[in-house]
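User: Hey, I've got a structure here and I'm a bit lost. Can you walk me through it?

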2 protein chains.
Amino acid sequence: MKSLSRLLLPLAASLAVSVTAIAASPLLDADRTAIAVQLRDKAQADSGAYPIVEDLTTRIGPRMGGTAADARAVEWAVARFRELGYDKVWTEPVTFPVWDRGIEVARVVEPYPHSFAIAALGGSVGTPEGGITAEVVSLPDYQALLSATAEQVEGRIVYIGNRMRRAKDGGGYGEAVIARSRGASKAAALGARALLIRSIGTDVNSRTPHTGMLSYDIAFRKIPGAALSNADANVLEHMLAEGKPVTIELHLGASERGEYTSQNVIAEVTGREDTGKVVLIGGHLDSWDLGTGAIDDGAGVAITMAAGKLIADLPRGQRPRHTLRVVAWANEEQGVWGGNAYGEAHKDEVADHLIGFESDFGAGRIWRFDTRVPEAALPLMDAIAEVLKPLGIERGNNTAFGGADVSAMRQNGMPVAGLVQDGSKYFDYHHTAADTLDKIDRSDLDQNTAAYVALAYLVAEHGVPGHPGSTQAQKQDD
Amino acid sequence: MKSLSRLLLPLAASLAVSVTAIAASPLLDADRTAIAVQLRDKAQADSGAYPIVEDLTTRIGPRMGGTAADARAVEWAVARFRELGYDKVWTEPVTFPVWDRGIEVARVVEPYPHSFAIAALGGSVGTPEGGITAEVVSLPDYQALLSATAEQVEGRIVYIGNRMRRAKDGGGYGEAVIARSRGASKAAALGARALLIRSIGTDVNSRTPHTGMLSYDIAFRKIPGAALSNADANVLEHMLAEGKPVTIELHLGASERGEYTSQNVIAEVTGREDTGKVVLIGGHLDSWDLGTGAIDDGAGVAITMAAGKLIADLPRGQRPRHTLRVVAWANEEQGVWGGNAYGEAHKDEVADHLIGFESDFGAGRIWRFDTRVPEAALPLMDAIAEVLKPLGIERGNNTAFGGADVSAMRQNGMPVAGLVQDGSKYFDYHHTAADTLDKIDRSDLDQNTAAYVALAYLVAEHGVPGHPGSTQAQKQDD
């Protein structure tokens, strides 16, 4: 207990009690847990994450993949990791096609002249010269499109009006977003000229449309797709309710132009044993172009950068055994390009990746700790969950998603965790012009960082039993 | 009491009790009060106002003075008054200069490239060809501009950052709006090249800028003026906080082009004695171009149209003695052109205008009943206040404003009333793209209409003691 007492010097008595309680778990090293608790509580008091996202949204603002701001964001991330005292900072190339938004105009020609606030869907083709003027066929949801006939749809603009359900876990997104992701090709298959959808968002009274990617099925013609703001979708539905034909004129200047190479920005805080094994965390550096990408995903970048900085500030002897690797991922929005490039480049290094988890669900408080780890690691994860508990975090399930950018590595065999945020308000602002710094609560961001630093520290210390990397490490120990 | 019993047939017993209580006031005719109470309660149950504003915002949408939609709105109002069964419908011309918004672009050149969401201020001149690129001088409020020096301001873009205070009675507006209305000329007097302000609105986290008129002082050069959304103002302030020079490039395509003649649309429900005397109510038909003008002022048009329709539906014998006149005012937003034209055209008819009041403060519930009437009319107004009380409306003061569009007639000597709405949320959406139908609560709108119909009915019945028109009327009675 000598070293524990030394480490506990800066801690208050009450804290020492909770640490002792946690240290009772035979699975966690007592000294190291005390450090994790210190880091957790330091982060919760003032994690340093907020100034990072303030800086990113102020200096760079929107940073869509392939834009000039994408390059500036990469420079920013490299410089910022260095300033924060990370031991190693490097970049790895990520190449993708560049999509330009261009102009976006939708207006009702008949029966009542009216302009709509719209956003082209990411990856959409543009309209032909002169735009598209066609009657609207209205469908309540994607299911209705699946059962629509060519007679209903041919030559028309398909409108899909489904409203997204609000939920703490964001569960309404999957149900609703299929209209955006798959609607264009399904409509094209029936001869439609364009797709308009009610924005995939939970703001029922906003004038800000929500962008986001669509996917084309190569079997069908590419038709343009755009989202109406919820308020404009209401207006369209009021018009349609009269039963008269509604004709819309649509102009989208969207286009693809060549390829661009951005960078995953990667930084490490070397572990005290420098084993070559890493805990992989991060957020994605790119954002959509409409807002300043504060909650999607400046918050994730800031939370994970700040968590790493707290560990970087520790004396080498107090660091965890293994290394913490933080990635500011490139172009997640347009197809998880950064995560997939990393998965490809590092596919033979699964054993060196102890666990991965990404912060990419806004800036709400974390309320649940999920994992996807080998059975043998569950007792350790349950013990770690006790350290997260004082943050208001409950232990969840072992079917964690991990995050889009670590999915390729997860599929390669890397264990993942999920520090699940409260996403109740996330889809009010997601992919809109309203994704700005003011949506972030500073203390919530600190709570996030507290969870990230504690979890990252303890897994970097103890590894993930049952995972090849950890087994190997244990063998070396034996 | 015979006629009262007959009139009360459709009323529930509990209502009859309250009517009896009110009828105890010797100042109000019992039979007529019973009708007013019936109208009030009918309106509260379903006033018909909501479908009117739904229709206006759907069929016409934004209807800025001088646009094609202004003309369509006039046609709409004429047709709608007729459909509602008003006895007389006519228009009176209102001529004003036409202001075009044009393009609006503001971007930070240094230190961090960034685009801002802005709205040109109504009446602003445009920027010269090539725009204006200049360093920003930041001032906390209009007072600071008054004490600024030419040295600070000359050749620069003045930014005024004051934040508007939220208040039920909208009291924060006057304090804040002077930056918008007077800032440009004060800045020009010190040699500034343009004015940027933080939007005059209570939304602290919105990306929608608030437009609204500025006024030029003829003594100074006209410089362009625009409002930043609150979120963009925050970004600018974060940049300024670093202490480095911030340079902005501003392009405004705003311009004036000739004159346009719109119309006040006027409709009457003739009183049973057709005395030629009127109670004057209304809302303004025009709106800003950014939203669909639902709360400013589709709501006011709908509330007053629906109130009149409830009276129009009465058999002639149950109508009030005098006439109800409802006006859908032309171009209030750009300088109260409709109200002023009416004041000029009808300045010799003050004696025929018993009272006037306008609904132009959104769609929140009415919570106070103010008046500005001769002393002799106060007991009557207090008695009428008892009829409004069940709607949750308290009796206010005798210094009512009446509304912008009745101000000219008020200055001519017409008494006014004020059915004061809860404006707590009004300035979140005021003059923005977010002023759309979804901001209106149907039951609140019904409560408004209930107050309008009851007050209008009772004053149209009893007149305003002490006002020339009413005195004269009483003389004829004697």
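Analyst: Sure, let's begin with a term: a polar contact is a pair of N or O atoms within 3.5 Å, and within protein one of them must be able to donate a hydrogen and the other to accept it. Keep in mind that this is a predicted model.

User: Okay, so how many residue pairs in polar contact are there across the interface of chain B and chain A?

Analyst: The rule finds 14 such pairs across the interface of chain B and chain A, counting pairs with both residues at pLDDT 80 or more. In chain B, helices α4 (49–59) and α9 (230–241) each supply at least two residues of the side that touches chain A. That side of chain B divides into 13 nonpolar, ten polar and eight charged residues.

User: And how many residues does each chain put into the contact?

Analyst: Chain B gives 31 residues and chain A gives 32.

User: How do people put a size on an interface?

Analyst: Often they give the accessible area lost when the parts come together. For chain B and chain A, the buried area is about 2200 Å², and carbon and sulfur atoms give 53% of that. On the chain B side, B:T58, B:R59 and B:R207 lose the most area to chain A, together 26% of what that side buries.

User: What about salt bridges between the two chains, how many?

Analyst: The rule finds two across the interface of chain B and chain A. A:E242 forms a salt bridge with B:R59, with the closest N and O atoms 3.3 Å apart.

User: Why would side chains like that pair up?

Analyst: Side chains of opposite charge can pair when their charged atoms come close.

User: How many salt bridges are there over all chains?

Analyst: A search of the whole structure finds 58. One inside chain A links A:R59 and A:D55, where the closest N and O atoms are 2.8 Å apart. Because A:R59 and A:D55 are four residues apart in helix α4 (residues 49–59) of chain A, about one helical turn separates them.

User: Let's switch to chain A on its own. How is chain A divided?

Analyst: There are two pieces: domain 1 covers 2–98 + 259–477, and domain 2 covers 102–253. The contact between them takes 17 residues from domain 1 of chain A and 19 residues from domain 2 of chain A. Taken over C-alpha atoms, the centres of the two domains are 36 Å apart.

User: How much area do those two domains bury between them?

Analyst: Domain 1 and domain 2 of chain A bury about 1400 Å², with 63% of it on carbon and sulfur atoms.

User: Which residues make a salt bridge there?

Analyst: The count between domain 1 and domain 2 of chain A is one salt bridge. A:D428 forms a salt bridge with A:R166, and their closest N and O atoms are 3.0 Å apart. On the domain 1 side that touches domain 2, helix α14 (residues 426–429) of chain A brings the largest share, three residues. By class, that side of domain 1 has six nonpolar, seven polar and four charged residues. Between domain 1 and domain 2 of chain A there are also eight residue pairs in polar contact, both residues being at pLDDT 80 or more.

User: How many helices and strands does chain A have?

Analyst: Chain A has 16 helices and 16 strands. Its radius of gyration is 24 Å, close to the 23 Å that the globule rule gives for 478 residues, so chain A is as compact as a globular protein of that length. Along the principal axes, the C-alpha atoms of chain A fill a box of roughly 80 × 40 × 40 Å.

User: Last topic: odd backbone spots. What's the usual pattern for phi and peptide bonds?

Analyst: Most residues other than glycine have a negative phi, and most peptide bonds are trans. In chain A, A:N331 has a positive phi of about 35 degrees although it is not a glycine. A:N331 lies in the loop between β12 (323–329) and α11 (337–345) of chain A.

User: And where are the cis peptide bonds in chain B?

Analyst: One cis peptide bond joins B:E110 and B:P111, with omega about 5 degrees. B:P111 is in the loop between β2 (104–110) and β3 (114–116) of chain B. The peptide bond from B:D296 to B:D297 is also cis, with omega near 10 degrees, and B:D297 is in helix α10 (residues 294–312) of chain B.

Terms used. Residues are numbered from 1 along each chain as its sequence is written. Chains are lettered from A and ligands numbered from 1 in the order in which they are written. This is a predicted model: local features need pLDDT of at least 70, side-chain atom pairs count only at pLDDT 80 or more; totals for chains, interfaces and linings use all residues. Side-chain values use heavy atoms; hydrogens and water are left out. Domain bounds come from an automatic or database domain assignment. Contact means heavy atoms within 4.5 Å. Buried area is the accessible area (1.4 Å probe) that two parts lose on being put together, summed over both. A salt bridge is a side-chain nitrogen of Lys or Arg within 4 Å of a carboxyl oxygen of Asp or Glu. A polar contact is a pair of N or O atoms within 3.5 Å; within protein, one must be able to donate a hydrogen and the other to accept it, and residues adjacent in sequence count only if both atoms are side-chain atoms. Ala, Val, Leu, Ile, Met, Phe, Trp, Tyr, Cys and Pro count as nonpolar, Asp, Glu, Lys and Arg as charged, and the others, Gly among them, as polar. The radius of gyration is taken over C-alpha atoms; the globule rule is 2.2 Å times the number of residues to the power 0.38.
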